[in-house]
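Me: I'm new to this, and I'd like to know what the labels really rest on. Could you walk me through them one at a time?

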Amino acid sequence: LGKAFKGNVKAVRRVDNNITFRGGAKAKPDKPAKFGITLSSGRYLLADQNGQATKWLRVKGSAAPRAGIAHSSTITAFTYGFGTTPRKLPASGWTRVYDRSDQPHFVVLNRVKKDTTRAMVAKYFRSGTHGRPAFALRANTETGVISPYKGQVLKYNLPAGKYLLACYWPDDDTGAPHAFKGMFKLVKLR
């Protein structure tokens, strides 16, 4: 994974082709996060994407027949873009996140100043800068990595406002983060 995030295309392809990512949620000390997925029987590795913690988990039996977690919105990841339903997402609640592309993605929602434009964001990504952009505000959340044709539901509670929806997973052709290739969208949370 380390080599993949340094832009090594062979490493990106190795990871993309040999790991099935099922998602997750950003959690902080004393602030647990909630997400939902359905797992089949088998062995899974739980991993902290931002740390070193890992834990093996064995799932046994079959899923009980029950309705999934009700959600009021959907974020769909395409190869280099996003779709949202409804157009203005709720500021809190459950949302379904689904990867309908040929590469893994993760979804980052980062609050931005209300005058932020797509051109400003594109200019920032083209600059190659890795620092905090002037248009970024503190409120944010994210999913874990989701493999193609997999999904999850995510519970979040964010202040209403304008947000940058982006994916920073490394591209399997260039090694650059997907956001640098235009995989970002400005959305409003109400």
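Me: Let's start with Asp-171: where is it?

Reply: Asp-171 is in the loop between E10 and E11. Names like these come from DSSP runs numbered from the N terminus, with at least four residues for a helix (H or I) and at least two for a strand (E). Before we go on: this is a predicted model, where local features need pLDDT of at least 70, side-chain atom pairs need 80 or more, and totals for chains, interfaces and linings use all residues. Residues count from 1 along each chain as its sequence is written, and side-chain values use heavy atoms, with hydrogens and water left out.

Me: Why is Asp-171 called buried?

Reply: Its relative accessible area is 0%. Buried means under 20%, exposed means over 50%, and partly exposed is in between, using a 1.4 Å probe and protein chains only. So 0% makes Asp-171 buried.

Me: What makes the link between Asp-171 and Gln-103 a polar contact?

Reply: Their side chains are joined at 3.0 Å. A polar contact is a pair of N or O atoms within 3.5 Å; within protein, one must be able to donate a hydrogen and the other to accept it, and sequence neighbours count only if both atoms are side-chain atoms. The 3.0 Å value fits.

Me: Which residue forms a salt bridge with Asp-171, and why does the pair earn that name?

Reply: That's Lys-181, at 3.6 Å from N to O. A salt bridge needs a side-chain nitrogen of Lys or Arg within 4 Å of a carboxyl oxygen of Asp or Glu, so the 3.6 Å pair passes. Both Lys-181 and Asp-171 are in the loop between E10 and E11, so the bridge ties together parts that are 10 residues apart in sequence. Lys-181 is partly exposed, because its relative accessibility of 34% lies in the middle range.

Me: How many salt bridges does a search of the whole structure find?

Reply: It finds 2. One of them joins the side chains of Asp-173 and Arg-13, at 3.3 Å from N to O. That pair links distant parts of the chain, 160 residues apart: Asp-173 is in the loop between strand E10 (161-166) and strand E11 (184-189), while Arg-13 is in helix H1. Asp-173 is exposed at 52%, whereas Arg-13 is partly exposed at 39%. As for the general idea, side chains of opposite charge can pair when their charged atoms come close.

Me: What makes Thr-95 buried, and what does its side chain touch?

Reply: Thr-95 has a relative accessible area of 1%, so it lands in the buried class. Thr-95 is in strand E6, and its side chain makes a polar contact of 2.6 Å with that of Ser-73.

Me: Why is Val-153 called buried?

Reply: Its value is 10%, so buried is the right word. Val-153 belongs to strand E9. Val-153 and Ile-75 are 78 residues apart in sequence and 9.7 Å apart in space, C-alpha to C-alpha.

Me: What is special about the peptide bond between Thr-85 and Pro-86?

Reply: This bond is cis, with omega about -10 degrees. Pro-86 is found in the loop between E5 and E6. Most residues other than glycine have a negative phi, and most peptide bonds are trans.

Me: What is the sign of phi in Asp-30 and Tyr-149?

Reply: Positive: Asp-30 has a phi near 65 degrees, and Tyr-149 has one near 60 degrees. Asp-30 is in the loop between helix H1 (9-18) and strand E1 (34-36), and Tyr-149 is in the loop between strand E8 (136-142) and strand E9 (151-157). Asp-30 counts as exposed because its relative accessibility is 82%, and Tyr-149 is exposed at 54%.

Me: Which residues gather in the patch of positive charge on the surface?

Reply: Arg-87, Lys-88, Lys-188 and Arg-190. Patch members have over 30% relative accessible area and no salt bridge; like charges are joined within 9 Å, and nonpolar side chains (Val, Leu, Ile, Met, Phe, Trp, Tyr) within 5 Å. Lys-88 is at 39%, so it is partly exposed and clears the patch cut-off. Lys-88 lies in the loop between strand E5 (81-85) and strand E6 (92-99).

Me: Which residues form the nonpolar patch?

Reply: Leu-1, Phe-5 and Ile-19, with about 290 Å² of accessible area together. Ile-19, in the loop between H1 and E1, is partly exposed at 33%, so it also clears the patch cut-off.

Technical notes
Areas by Shrake-Rupley, 256 points an atom, 1.4 Å probe, with all protein chains shown as cover. Lys, Arg positive; Asp, Glu negative; His and termini not counted. Charge placed at Lys NZ, Arg CZ, Asp CG, Glu CD.
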